Amino acid sequence: MSKVTIVVRDEVLMSAKVSAFKEAIAQNPLSGLQDSVEVVAVGQLSEVLSQGEERFWCPLTLDLPPTLQFPGRAAFEACRDAEGLRQWVQQTLSYETKGDRATNRYFLPIVLTAKGPLYAEVIGQREAKQYQQPVDLVDNQRQPLYYLGHALLDRVSATPGVYILEFELKGKEIIFCQLFPFPIDAAIASLGIQDPDLFTCHWLCLTDRAILDLTILDSGEWRCVGTDASV
């Protein structure tokens, strides 16, 4: 039995995301037996780390102490420096960027497997807490978006997992906002719509298991979730 520890900023605010990720782990256990899954808030980490137990760490927040070491730590650090990443995108890739949060944003999920990235269908945000997948983009929007995603993965030294590229559209122009190295609340829109859903994809990537393709099963309805406390 493996001890899986999900790290969150606030367990209460992130209950929907945590429940979806725990279900993904239960359906795809790391060992032959059911994995032991523990959810730990950042404020509890010092006590947990002092126990010295071997754990499989699954952070779902950027707000991590330097004492927590795990594969992919460098990517988390790079994504946490959101302003630095926006400056790099603007100066190196010549994309417009934006840091202020607004409604009507979009999210490109990138499933980075050991063999390379799979680009999922875009998720739309209609209001502060409402998300839907899929959102159709034309080809001359998709190609620069995929290029940006690939460049960002290289920049942050990404390890396998699900990455969420948050962006806005100005006409057909891509405006980069932020990159997250885990499924944020917007990923809830993939449940029952994408196979595998984004939480399952993240778990399979973290545990070095294959994902051959991403399939959209149906056109999703708008889903309302709680406020994202991931950052």
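P196 is placed in the loop between β11 (194-195) and α6 (198-206), where helices (H or I, at least four residues) and strands (E, at least two) are DSSP runs numbered from the N terminus. The peptide bond that joins D195 and P196 is cis, with omega at about -5°. The structure is a predicted model, in which local features need pLDDT of at least 70 and side-chain atom pairs count only at pLDDT 80 or more, while totals for chains, interfaces and linings use all residues. Residues are numbered from 1 along each chain as its sequence is written, and side-chain values use heavy atoms, with hydrogens and water left out.

A cis peptide bond is also found from Q133 to P134, with omega near 0°. Here the proline belongs to a strand, P134 being part of β8 (residues 130-135).

Positive phi values in residues other than glycine occur at S157, where phi is near 55°, and at D208, where phi is near 60°. S157 sits in the loop between α5 (139-155) and β9 (161-170), and D208 is located in the loop between α6 and β12 (215-216). With respect to accessibility, buried means under 20% relative accessible area, exposed over 50%, and partly exposed in between, with a 1.4 Å probe and protein chains only. On this scale S157 is partly exposed, its relative accessible area being 48%, whereas D208, with a relative accessible area of 64%, is exposed.

Turning to the sheet, three strands form an open arrangement in the order β2-β1-β3, with parallel pairing, two strands being taken as paired if DSSP finds at least two bridges between them. Because β2 (36-41) and β3 (56-59) each have a single partner strand, they stand at the edges, and one side of each is left without a neighbour in the sheet. From one strand to the next, the twist averages 25°; axes are lines fitted to C-alpha atoms, for helices over the stretch in contact, and angles run from 0 to 180 degrees between N-to-C directions. The pairing of β1 (residues 3-8) with β2 is parallel and extends over six bridges, and within this pair V7 stands opposite V40 in β2. Helix α1 (residues 15-27) packs on the sheet and touches β1, β2 and β3, contact meaning heavy atoms within 4.5 Å. The direction of α1 makes about 160° with that of β1.
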